[in-house]
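Colleague: I should like to learn how to read the features of a protein model in an orderly way. May we take them one at a time?

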Amino acid sequence: MTQIKDETAYKAAMDRIEELLPLVDDNTPPTDKNLIELDLLSGLIADYEEEHYRINTPSLIDVIKLRMFEMGLNQSKLSELLGVSPSRISDYLTGRCEPTLKVAREISRKLNIDANIILGI
C-alpha cells in the first residue's frame, strides 16, 4: 500500500494502529515487525489526514478573542493594555482594519501571540 485512498481504508488503518500500540514501547527493537508496521501505517495516516483533515491557521481575530477570554479581558481593558482606543479595538475585532506595526508588536508582546499569526504568515 502506497497511500490511503478512502475513508474505509483510513478507518481500517486507524483500527490496526490501535491494535499495534499496546504491542510496542520505547524498548521495542527497531527490527520488530509490529514497530515497522506501526511506523508505516502512521506515515500513511499522517499523509491522509494532511490532505483530508487539514487544520487551517486561525485568524488573528480568533486568536485575539481567545486570548482575551483566557486573560479575562474585555475590549475596554484590551484597549488600555495596548494603548489604543476602544473603537480601534472594535475595528480590529470586526476586521474593519488591521493593526499598525506598532500595535501588532504590542499585541504579540502583551497577549503572547506568535508574530507569524499577527503577520498572517
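**Salt bridges, helix packing and surface**

Modeller: Eight salt bridges are counted in this structure. Please bear in mind throughout that the model is predicted.

Colleague: How is a salt bridge to be read, and which atoms of Arg16 and Glu19 are compared?

Modeller: The general idea is to look for a side-chain nitrogen of Lys or Arg within 4 Å of a carboxyl oxygen of Asp or Glu. In the present case, Arg16 and Glu19 form such a bridge, and their closest N and O atoms are 2.9 Å apart.

Colleague: Why do residues three or four places apart in an α-helix point the same way?

Modeller: An α-helix has 3.6 residues a turn, so residues at that spacing point the same way. Here, Arg16 and Glu19 are three residues apart in helix 1, which separates them by about one helical turn. Arg16 is partly exposed, at 26% relative accessibility, and Glu19 is also partly exposed, at 47%.

Colleague: Which residues are linked with Arg16 in a network of salt bridges?

Modeller: The network joins Arg16, Glu19 and Glu37. Arg16 and Glu37 also appear among the residues through which helix 1 and helix 2 meet.

Colleague: How, then, should I read the packing of helix 1 and helix 2, and at what angle do they pack?

Modeller: One reads the angle, the distance between the axes, the hand of the crossing and the residues in contact. Helix 1 (residues 7-20) and helix 2 (residues 33-52) pack at about 145 degrees, with their axes 10 Å apart. The crossing of the two helices is left-handed. From helix 1, the contacting residues include Tyr10, Met14, Ile17 and Leu20; from helix 2, they include Leu38, Leu41, Ile45 and Tyr48.

Colleague: Is Asn34 buried or exposed?

Modeller: A residue is called buried when its relative accessible area is under 20%. Asn34, which lies in helix 2, has 16% relative accessibility and therefore counts as buried. Leaving aside residues up to four places away in sequence, Asn34 touches Arg16, Leu20, Leu23 and Val24.

Colleague: Which salt bridges does Asp91 make?

Modeller: Asp91 meets Arg88 in a salt bridge at 3.8 Å, N to O, and Arg96 in another at 2.9 Å, N to O. Arg88 and Asp91 are three residues apart in helix 5 (residues 86-94), so about one helical turn separates them. As to accessibility, Asp91 is buried at 19%, Arg88 is partly exposed at 36%, and Arg96 is exposed at 56%.

Colleague: Against which helices do the buried residues of helix 6 pack?

Modeller: For such a case, one lists the buried residues of the helix and then the elements they contact. In helix 6 (residues 101-111), the buried residues are Val103, Ala104, Glu106, Ile107, Ser108 and Leu111. The buried residues of helix 6 pack against helix 3 (60-71), helix 4 (75-82), helix 5 and helix 7. After helix 6 comes Asn112, with a positive phi near 55 degrees.

Colleague: Finally, how is a nonpolar surface patch read, and which residues make the one here?

Modeller: One looks for nonpolar side chains that are accessible and lie within 5 Å of one another. Leu101, Leu119 and Ile121 make a nonpolar surface patch of about 360 Å². Of these, Leu119 lies in helix 7 (residues 115-119) and is exposed, with a relative accessible area of 54%.

Notes: Residues are numbered from 1 along each chain as its sequence is written. This is a predicted model: local features need pLDDT of at least 70, side-chain atom pairs count only at pLDDT 80 or more; totals for chains, interfaces and linings use all residues. Side-chain values use heavy atoms; hydrogens and water are left out. Patches are made of residues with over 30% relative accessible area and no salt bridge: like charges are joined within 9 Å, nonpolar side chains (Val, Leu, Ile, Met, Phe, Trp, Tyr) within 5 Å. Accessible areas come from the Shrake-Rupley method with a 1.4 Å probe; for residues, only the protein chains shown count as cover. Helices (H or I, at least four residues) and strands (E, at least two) are DSSP runs, numbered from the N terminus. Buried means under 20% relative accessible area, exposed over 50%, partly exposed in between (1.4 Å probe, protein chains only). Axes are lines fitted to C-alpha atoms, for helices over the stretch in contact, and angles run from 0 to 180 degrees between N-to-C directions. A crossing is left-handed if the near helix is turned anticlockwise from the far one by less than a right angle, and right-handed if clockwise. Contact means heavy atoms within 4.5 Å.
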